[in-house]
Amino acid sequence: MDLSFSPSERAFREEVRGFIAERLAPDVRAKLEALRPISKAELVDWQRTLNANGGWATPSWPKEWGGPGWSAVERYIFLDELHQAPAPEPLSFNVAMLGPTLIAFGTDAQKSRFLPRIANLDDWWCQGFSEPEAGSDLAAVRTTARREGDRYIVSGQKMWQGMGHYADWMFTLVRTDPGAAKKQAGISFLLIDMKSPGLSVTPIRTIDGRHEVNSVFLDDVEVPVENRLGEENQGWTYAKFLLSAERSNIARIGLTKRFVRAAKRAAHEAPAAARHRFLDKLAALEAEIQSLEVTQLRVLAEHGRNATDPRASILKLKGTELRQRASELLTHILGPSVYEAVPEEVDAFEGIDAASAHFTLRAASIYGGASEVQKNIIAKTILGL
Ligand SMILES: Cc1cc2nc3c(=O)[nH]c(=O)nc-3n(C[C@H](O)[C@H](O)[C@H](O)COP(=O)(O)OP(=O)(O)OC[C@H]3O[C@@H](n4cnc5c(N)ncnc54)[C@H](O)[C@@H]3O)c2cc1C
């Protein structure tokens, strides 16, 4: 199997690199390089810059809906260049999750209404899937939607909504048929305006003091039937599609490399004896990163656009593990003083540094499908156990 990039793919990489070098504000790049936060406005601004350049904010979208129509390999190169630059990634709730799902299952009216605003980050979306008793077992959602004429009346609690306090809209799963024989059968997929009366957002503070995740409470919230995606009670089908889109490109190898770069810089400042120890560990980590990268390229070479390749679970599992190890090594090299900088309470776009990133990354083996769940998938679908 030929895993090298073709001349046109190498030219594409140069084009992306050149665009980022020319258009990304140097202070945004410097902040990301130092693992510091960028502001919400800086993310919006960058996403709009990408979007205006032939739909680069929406790498997986077809040209028909404003995307660049890239191949899987081009998407991989683009993301790798963003991570390496480093440059911000477009908001994944908008462009990697909801956008492709709307394109696949939405009505023309929904696509025309929402897609341009999703791409341009005119509307900020959050994901309202999980609930206090429904995470890995997502089909156990209990939030109900009762049909009354041309609207649903929605009540329940959603949990862990990342950046939900910035969101204008939430895509969500609700139970429309509590009596269905299978729990997966009675679920619908709704698009809910966060300004709807009866909807409230409550912060959940994480260990690093940041406010990134939230609970969303819904108390008799009215949702027009036209804001339902696809058929009533078929929401599970659309949710599975969205989750598989979430897991493509999940290894995020470029991000891990960024941690390794920061760790190398720190290691070179350490006293000689410690320096050699740190550099040994970093070299071992880099070898594993390289082998994961080859696995990622093999999946891309064999399956192209197929986001449902079960090996996405290997990429998620191993990619998360390596990123966590890289951030652990970085904080270890920097020493205990990094934890002194962790503030009491900050917003999602503030306060990320080595220590905060270290804490935040603990959750990477939970969100997007917990590690144990990935192992179950690997055991069943790859190992045939
Ligand atoms: C930082 C963060 C951000 C998040 N953002 C969002 C968001 O924006 N929107 C959203 O909807 N959700 C979000 N989530 C929720 C996330 O998807 C869930 O936390 C995740 O699916 C796990 O569900 P749970 O928390 O209910 O844990 P559980 O499912 O209760 O799992 C608890 C433990 O049991 C293990 N386990 C569960 N089932 C099995 C099994 N069958 N076999 C073996 N082990 C098992 C799990 O691996 C885990 O270790 C976020 C979570 C976090 C932590």
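Two residues are in contact here when heavy atoms of theirs lie within 4.5 Å. Keep that cut-off in mind as we walk through this predicted model, starting with Asp123. Leaving aside its neighbours within four places in sequence, Asp123 is in contact with Asn94, Arg117, Asp168 and Trp169. One of these partners deserves a second look: the side chains of Asp123 and Arg117 are joined by a polar contact of 2.9 Å. Asp123 sits in the loop between α6 (108-119) and β1 (125-128). Its relative accessible area is 6%, so Asp123 is buried.

That loop also holds Leu121, and here the backbone is worth checking. Most residues other than glycine have a negative phi, and most peptide bonds are trans. Leu121, although not a glycine, has a positive phi of about 55 degrees. With a relative accessibility of 4%, Leu121 counts as buried. Asn233 has a positive phi too, near 70 degrees, and you will find Asn233 in the loop between β8 (228-229) and α7 (235-247). Asn233 is buried, with a relative accessible area of 18%. As for peptide bonds, the one joining Ala85 and Pro86 is cis, with omega at about -10 degrees. Pro86 belongs to the loop between α4 (72-84) and α5 (92-105).

Now let us step back to the overall layout. The protein is divided into domain 1 (7-90), domain 2 (125-239) and domain 3 (250-382). Taken over C-alpha atoms, the centres of domain 1 and domain 2 are 30 Å apart.

Where does the ligand lie with respect to domain 2 and domain 3? Both domains give residues to the shell around the ligand, so the ligand lies between them. In total, 16 residues surround the ligand, and the closest are Gln127, Ser130, Ser136, Trp160 and Glu372. Sorted by class, this shell has eight nonpolar, seven polar and one charged residues.

Several polar atoms of the protein lie close enough to the ligand to be worth locating by eye. A polar backbone atom of Gln127 is 2.8 Å from a nitrogen atom of the ligand. For Gly162, a backbone N or O atom is 2.9 Å from an oxygen atom of the ligand. Asn376 uses its side chain instead: a polar atom there lies 3.0 Å from a nitrogen atom of the ligand. The ligand taken alone exposes 970 Å², of which the protein buries 64%.

From here we can turn to the helices. Helix α12 spans residues 371-382 and includes Lys380. Is Lys380 buried or exposed? Its relative accessible area is 63%, and Lys380 is exposed. Along the chain, Lys380 and Pro310 are 70 residues apart, while 9.6 Å separates their C-alpha atoms.

Ser313 offers a contrasting case. This residue is in helix α10 (residues 312-334), and at 3% relative accessibility Ser313 counts as buried. Beyond its neighbours within four places in sequence, Ser313 is in contact with Gln374, Ile377 and Ile378.

Helix α10 also plays a part in our last stop, helix α11 (residues 354-362), where the buried residues are Ala354, Ala355, Ser356, Ala357, His358 and Leu361. What covers these buried residues? The cover includes β7 (210-224), α8 (253-268) and α10.

Technical notes
Residues are numbered from 1 along each chain as its sequence is written. This is a predicted model: local features need pLDDT of at least 70, side-chain atom pairs count only at pLDDT 80 or more; totals for chains, interfaces and linings use all residues. Side-chain values use heavy atoms; hydrogens and water are left out. A residue is near a molecule or strand if one of its heavy atoms lies within 4 Å of it. A polar contact is a pair of N or O atoms within 3.5 Å; within protein, one must be able to donate a hydrogen and the other to accept it, and residues adjacent in sequence count only if both atoms are side-chain atoms. Accessible areas come from the Shrake-Rupley method with a 1.4 Å probe; for residues, only the protein chains shown count as cover. Ala, Val, Leu, Ile, Met, Phe, Trp, Tyr, Cys and Pro count as nonpolar, Asp, Glu, Lys and Arg as charged, and the others, Gly among them, as polar. Domain bounds come from an automatic or database domain assignment. Helices (H or I, at least four residues) and strands (E, at least two) are DSSP runs, numbered from the N terminus. Buried means under 20% relative accessible area, exposed over 50%, partly exposed in between (1.4 Å probe, protein chains only).
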